[in-house]
Structures are given as structure tokens and as C-alpha cells.
Number of protein chains: 2
Amino acid sequence: MELHFLGTGAGMPSKERNTSAIAMKLLDERGTVWLFDCGEATQHQILHTSIKPRKIEKIFITHLHGDHVFGLPGLLSSRSFLGGEDTLTIYGPTGLKSWIEATLALTGTHLTYPIDYVEAAEGIVFEDEQFIVRAMPLAHVITCYGYRIEQKPLLGELLVEKALALGVPKGPLLGKLKQGHDVVLETGETIYSANVTAPVKEGFVVTILGDTKLCDNAVRLAEGADVVVHEATFDAETAHLAASYGHATNVEAATVAKEAHAKNLILNHISARFLPNDIAKLLQQARAVFPSTYIANDYAQFELRNQEFKHLE
Amino acid sequence: MELHFLGTGAGMPSKERNTSAIAMKLLDERGTVWLFDCGEATQHQILHTSIKPRKIEKIFITHLHGDHVFGLPGLLSSRSFLGGEDTLTIYGPTGLKSWIEATLALTGTHLTYPIDYVEAAEGIVFEDEQFIVRAMPLAHVITCYGYRIEQKPLLGELLVEKALALGVPKGPLLGKLKQGHDVVLETGETIYSANVTAPVKEGFVVTILGDTKLCDNAVRLAEGADVVVHEATFDAETAHLAASYGHATNVEAATVAKEAHAKNLILNHISARFLPNDIAKLLQQARAVFPSTYIANDYAQFELRNQEFKHLE
Ligand SMILES: [Zn+2]
Ligand SMILES: [Zn+2]
């Protein structure tokens with residue numbers, strides 16, 4: 001799993017930071033990419049990455065402010081032009097479906113793939129054999145969701161040599177053992193899956209929050225997460241402004257990560273007010289509360305593999 | 001007057017060319033900028049120029065395909081954030097107003113300035129003491145307009161020394177002479193404006209056409225123009241495809257400029273199919289028909305000053 005930040009700014013695009021979008025690359029896990037928010041020119045940012053729009057399987061929208069959704073119509077069109085055929089599922093607040101449909105109709109855009117809409121869902125919004133995604137409302141000036149993505153525990157790898165040595169023949173029985181089933185050989189002997197597979201591995205938990213002031217649901221969604229992405233539109237000095245605009249500070253983001261016993265925090269949604277020197281300070285102030293804090297820049301990539309978290313940029 | 005090309009691609013953004021937008025800078029003439037089309041990320045392109053969104057006075061939309069309008073909501077919002085207060089007028093096909101209003105409502109966007117909409121107007125769509133703008137339908141797969149921008153003749157400069165020598169006192173009489181009025185001095189002597197002003201100067205004519213196959217209205221709009229901007233989505237080799245897609249070739253664009261007795265042609269709306277070598281050929285093929293042909297690249301600037309046309313890039 002890799003997080004690829006496509007837009008890390010707040011409100012408006014600047015030369016340094018585009019409006020919001022984060023790609024969660026699940027290429028090893030399921031061969032697809034999930035997108036969180038889609039500000040204007042997200043498809044342009046994608047042009048400078050290896051991400052293929054047709055591989056985007058799900059788009060989770062946190063809220064309907066323009067800096068989080070104005071890139072949707074263009075990206076949806078291009079996903080079509082570029083050969084996308086698989087169903088795309090879009091999660092987000094009520095109103096997305098009618099706006100997207102009206103926009104596509106106005107512009108005579110006919111997509112080559114179906115869209116499923118999941119509007120205004122809270123609690124478990126998606127589950128399959130690999131993942132559970134939960135949504136909870138945050139505290140912004142309009143309805144805004146945070147998402148918690150939990151990977152289910154992974155079956156341990158099959159220890160092939162060991163199984164063969166125990167007399168398991170090459171073929172379908174190996175597959176059953178790998179899937180966790182015990183099998184009986186022709187000799188009548190039972191081979192236990194647990195004996196020929198590595199231990200079950202914990203999945204990861206990633207929490208991606210939309211715009212919010214300091215709130216309890218942010219802590220709930222972030223509980224024990226490997227990575228929390230939290231907005232930091234304001235800093236310690238401008239803290240008095242943050243809440244009234246429905247936004248948080250870097251220090252509040254760090255407090256959320258700390259209270260939630262999360263492992264890593266990435267500060268996102270950085271205002272263009274902050275100059276390069278301020279950015280170093282943003283990080284410093286947050287690290288005083290929660291040491292394992294990082295800051296997202298456009299095109300930054302973070303990897304989480306076997307519980308190990310790494311900033312790739 | 002300068003034409004500043006912000007997006008010169010066709011259909012989808014590429015790394016080299018953004019979707020459609022052209023800024024006509026009328027800073028000397030009226031202190032404002034007129035925009036023709038507004039593909040996604042037009043506001044991002046503007047960040048790399050000296051254009052100020054609050055100076056954008058009018059936006060002319062040729063047609064409602066996504067690559068010509070998806071940048072509108074973001075640009076309108078940013079014009080507001082960046083202190084725009086003057087009325088913005090948007091010209092284009094029916095449907096623009098309801099889509100923009102729905103989009104702003106969905107995203108809770110409150111603009112600091114009013115928008116006037118002029119939908120589906122043909123013939124003279126704007127006229128004041130400086131300019132006349134005419135629109136005519138072209139031949140695309142959906143309703144698509146071409147625009148002809150005519151600057152009215154400019155009064156000649158006042159020859160101050162000559163007027164003073166003839167006994168005109170400093171003050172308001174000089175202003176009247178400059179405006180073309182004859183005046184009577186206290187001595188009873190009549191001073192003729194024509195005697196103390198330089199000759200009237202012709203204004204410029206610029207024709208900016210939306211997506212179209214070869215059509216008569218393109219020639220009508222381009223008649224005698226100083227500059228014609230014509231799409232060239234296809235080339236001589238792919239000519240058999242152009243018309244069925246509602247598009248033109250480079251050679252057809254040149255034919256329009258030639259038949260219209262235009263002075264200069266700029267090829268625009270260039271497909272990402274064309275590689276750098278093809279671009280040189282596109283130009284060559286068009287110049288064989290109409291020698292004074294240029295090709296638009298993103299950020300290219302062309303100046304028209306005192307009837308002189310110059311490629312500034
Ligand atoms: Zn935001
Ligand atoms: Zn087009």
C-alpha cells in the first residue's frame with residue numbers, strides 16, 4: 001500500500017500545492033487505486049505519476065467544497081477516453097450523483113463504464129474479503145466525512161517445501177492448505193494448515209480525514225491506525241481562527257494522533273499562507289506532541305509494507 | 001492586444017497541452033482580459049502568467065464539451081477568493097447558467113461579484129464604444145460558436161503643440177478637440193478637430209473559432225481579420241476522419257484563412273497524437289496554402305499592435 005499525495009493545498013490551487021486528492025495505491029493488494037477527494041486538475045497531477053485512471057476502482061469524497069470535487073468531471077471523462085470499463089464506485093455526501101449526472105449530460109459525455117454511487121453512508125460503507133471501510137462525520141462547516149480503511153488479516157504464506165516433505169502432493173491440496181483448510185492425504189494422514197503456513201499477518205489501518213476542526217470522531221476513526229492523514233490548515237499561532245472556519249491546527253492534528261494511539265501522522269491540506277520556513281515549524285510544533293509526524297507535499301509518497309512505514313519521496 | 005494561449009490541446013489534457021483556453025489581454029485598450037473557453041485547470045495555467053483573475057471581464061464559451069468548460073467552476077471561485085468584485089459576463093450556449101448555478105450551490109460557493117449570462121446569442125452579442133463582438137454557429141457535433149472581435153476605429157492622437165500654436169488654451173477645449181469635436185475660441189475662430197489630430201486609426205479584428213469542421217460561417221467570421229484562430233485537430237493524412245468527428249484539418253484551417261482574406265492564422269486545438277515532428281509538418285502543410293500561419297503552444301503569446309502582428313514566445 002502506498003499513499004501518493006496528488007494535491008495537498010487548502011482552498012485554492014497554488015504553484016506549489018494543488019487542491020485535494022490522495023491516491024491509495026493497492027496494486028499489490030488488489031491491482032487497483034482508491035482516490036480520496038478529487039480537486040480540479042487531479043487528472044493533470046496524475047499525468048506526472050504512474051497511476052492509470054482506468055485502475056481507479058473507488059473514489060471517496062470527504063465533502064462537497066470545490067477544492068475537493070471540481071476535478072471529478074474531467075477525471076471521469078478521461079477514465080472513459082483511456083479505456084476504463086470496470087465499474088467505478090463513488091462514496092460521498094448527498095448531491096454528488098445528481099451533480100455528476102447533470103454535468104455529464106450538459107457536456108454530452110458518455111462514459112464507457114458504469115458508476116455506482118454510495119451517498120451519505122456512515123458506518124461500514126464497503127466490505128469485501130480484503131477490506132473494511134468505515135465513514136464517520138467530522139466537524140466542518142458542511143457535511144464532511146473521515147474514512148478508516150482496514151485491511152483484514154492476511155493468511156500466512158504456504159511453506160511449500162515443508163508441505164511437500166510431509167507428503168502433500170503438488171496440486172490442489174496445496175491450495176487448500178494455503179487457504180487455511182486442513183487436508184487428509186491418500187494415506188489417511190491429516191495435514192494441518194497451521195503447520196505448513198506462516199502465521200497470519202495483521203492488516204494495515206489507514207485513516208484519511210477530510211476538512212475538520214478538532215473532533216472526537218477524528219480520534220475514533222484514527223484509533224490505533226498505522227497512518228492518519230489529518231488536515232492542518234492553521235498553525236499554533238493562528239489557532240484562534242481555526243475552529244471558527246471549521247479547520248484544525250497542526251498541533252490539534254498531532255493531539256488526535258496521540259489520543260488515538262496511532263503510529264504515524266501525515267499533515268495535509270496546507271494553506272498557501274505558509275512559506276517554506278513556516279512548513280519546517282509546522283512539523284516541529286506537531287512533533288513536540290506526536291513525534292512520528294510527517295508533512296504531505298504534492299507528489300509525496302509514503303509506503304506501508306509489513307507494518308513498516310516509509311516516506312519514499 | 002495580446003493573445004495568450006493557456007490551453008491548446010484537444011479533448012484531454014496532456015503533459016504538453018492543456019484543454020482549451022485563450023486569454024485576450026486588452027490591458028492597454030480597457031484594462032481587462034477576455035477569456036475564450038475555460039478547460040479544466042485554466043486557473044492553474046493562469047498561475048504561471050501575469051493574468052489576474054479579477055481582471056477577467058468576459059468569458060466567451062464556444063461549446064459545452066468538457067474540455068472547454070470544466071475549468072469554469074474553479075476559476076469563478078478563485079476570482080472571488082482573489083478579490084474580484086466587478087460583474088463578469090459569460091457568453092455561450094444554453095445550459096451554462098443553470099449548470100454553473102447548480103455547481104456553485106452544491107459546493108456552497110458564494111461569489112463576491114455578480115455574473116451576467118448571455119446564452120445562445122447570435123449576431124452582435126456585445127457592443128460598446130470600443131468593441132463589437134459577433135457570434136455565429138459553426139459546424140461541430142453540438143452547438144458551437146465562433147466569435148469575431150472588432151475594435152472600433154480609434155480617434156487619432158491630439159497634436160497638442162499644433163493646437164496650442166493655433167491659440168487653443170490649455171484646458172477642456174483640448175479634450176473636446178481630441179474627442180473629434182470642432183471648437184470655437186474666444187476670438188470667434190473655429191478650430192477643426194481634423195486639423196489638430198492625427199488620422200483615425202483602424203481597429204483590429206480577431207476571430208476565435210471553436211471546434212468545427214470546414215464551414216462557411218468560419219469564413220464569414222474571419223473575413224479580413226488580422227488574426228484567425230482556427231482548430232486543427234486533424235492533418236492532411238487523417239483528413240477523411242476530420243469531418244465525421246466535427247473537426248477540421250490544418251489545411252482546411254488554412255483554406256478558411258485564405259478564402260476570408262485574413263492576414264494571419266493561428267492553428268489551435270492540437271491533438272496529442274501529433275509528436276514534435278508532426279507539428280512542424282502541420283505548419284508546413286498549412287503554410288503551403290496560407291503562408292502566414294502560426295501554431296499555438298501552451299503559453300504562446302501573440303501581439304497585435306498598430307496593425308503589426310508578432311509572435312512573442
Ligand atoms: Zn478543503
Ligand atoms: Zn475540443
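So, how are the donor residues of the zinc ion, ligand 1, spaced in sequence? Hold that thought for a second, and keep in mind that what we have here is a predicted model.

Okay, the spacing. It reads D-H-x142-D-x57-H. Put names on those letters and you get Asp67(A), His68(A), Asp211(A) and His269(A) as the protein donors of ligand 1. The two aspartates bind through OD and the two histidines through NE2, and the donors lie 2.1 to 2.5 Å from the zinc. Look at where the last pair comes from: Asp211(A) is in the loop between β12 (205-209) and α8 (216-222) of chain A, while His269(A) is in the loop between β14 (265-268) and α11 (276-289) of chain A. They are 58 residues apart, and the pair links distant parts of the chain.

What about the geometry around that zinc, ligand 1? The angles subtended by the four donor atoms run from 90 to 162°, so the arrangement comes out as irregular. For anyone with the textbook picture in mind, four tetrahedral donors would ideally give 109.5 degrees.

Now over to chain B and its zinc, ligand 2. The protein donors there are Asp67(B) and Asp211(B), each through OD, plus His68(B) and His269(B), each through NE2, and they sit 2.1 to 2.5 Å from the ion. The sequence spacing for ligand 2 is D-H-x142-D-x57-H. This site is irregular too, with angles of 90 to 163° among its four donor atoms. Here I'd point you to another pair: His68(B) lies in helix α3 (residues 66-69) of chain B and Asp211(B) in the loop between β12 and α8, so they tie together parts that are 143 residues apart in sequence.

Next up, helix packing. Staying in chain B, α4 (residues 72-81) and α5 (residues 96-106) pack at about 65°, with axes 10 Å apart. That crossing is right-handed. Which residues of α4(B) and α5(B) meet? From α4(B) we have Leu72(B), Pro73(B), Leu76(B) and Ser77(B), and from α5(B) there are Leu96(B), Trp99(B), Ile100(B), Thr103(B) and Leu104(B). Sort them by class and you find seven nonpolar, two polar and no charged.

If you flip to chain A, α4 (residues 72-81) and α5 (residues 96-106) have axes that come within 10 Å and cross at roughly 65°. That one is a right-handed crossing as well.

Back in chain B there's another helix pair to look at. Helices α10 (residues 250-259) and α11 (residues 276-289) pack at about 30°, their axes 8 Å apart, and the crossing is right-handed. Among the residues that meet are Lys258(B) in α10(B) and Lys281(B) in α11(B). By class, this contact has five nonpolar, three polar and two charged residues.

Last thing, zooming out. The domain assignment splits chain A into domain 1, which is 2-154 + 201-303, and domain 2, which is 160-195. How many Å separate the centres of those domains? Taken over C-alpha atoms, 43 Å. That's it from me.

Note on methods: Residues numbered from 1 in each chain as written. Chains lettered and ligands numbered in written order. Predicted model: local features only at pLDDT ≥ 70, side-chain atom pairs only at ≥ 80, totals over all residues. Heavy atoms only, no water. Axes fitted to C-alpha atoms, helices over the stretch in contact; angles between N-to-C directions. Helix = DSSP H or I, 4+ residues; strand = E, 2+ residues; numbered from the N terminus. Left-handed = near helix turned anticlockwise from the far one by under 90°. Contact = heavy atoms within 4.5 Å. Nonpolar A, V, L, I, M, F, W, Y, C, P; charged D, E, K, R; others polar. Domains from an automatic or database assignment. Donors = N, O, S within 2.8 Å, 3.2 Å for Na, K, Ca; no water. Tetrahedral: all angles 85-135°; square planar, octahedral: opposite > 155°, others 65-115°.
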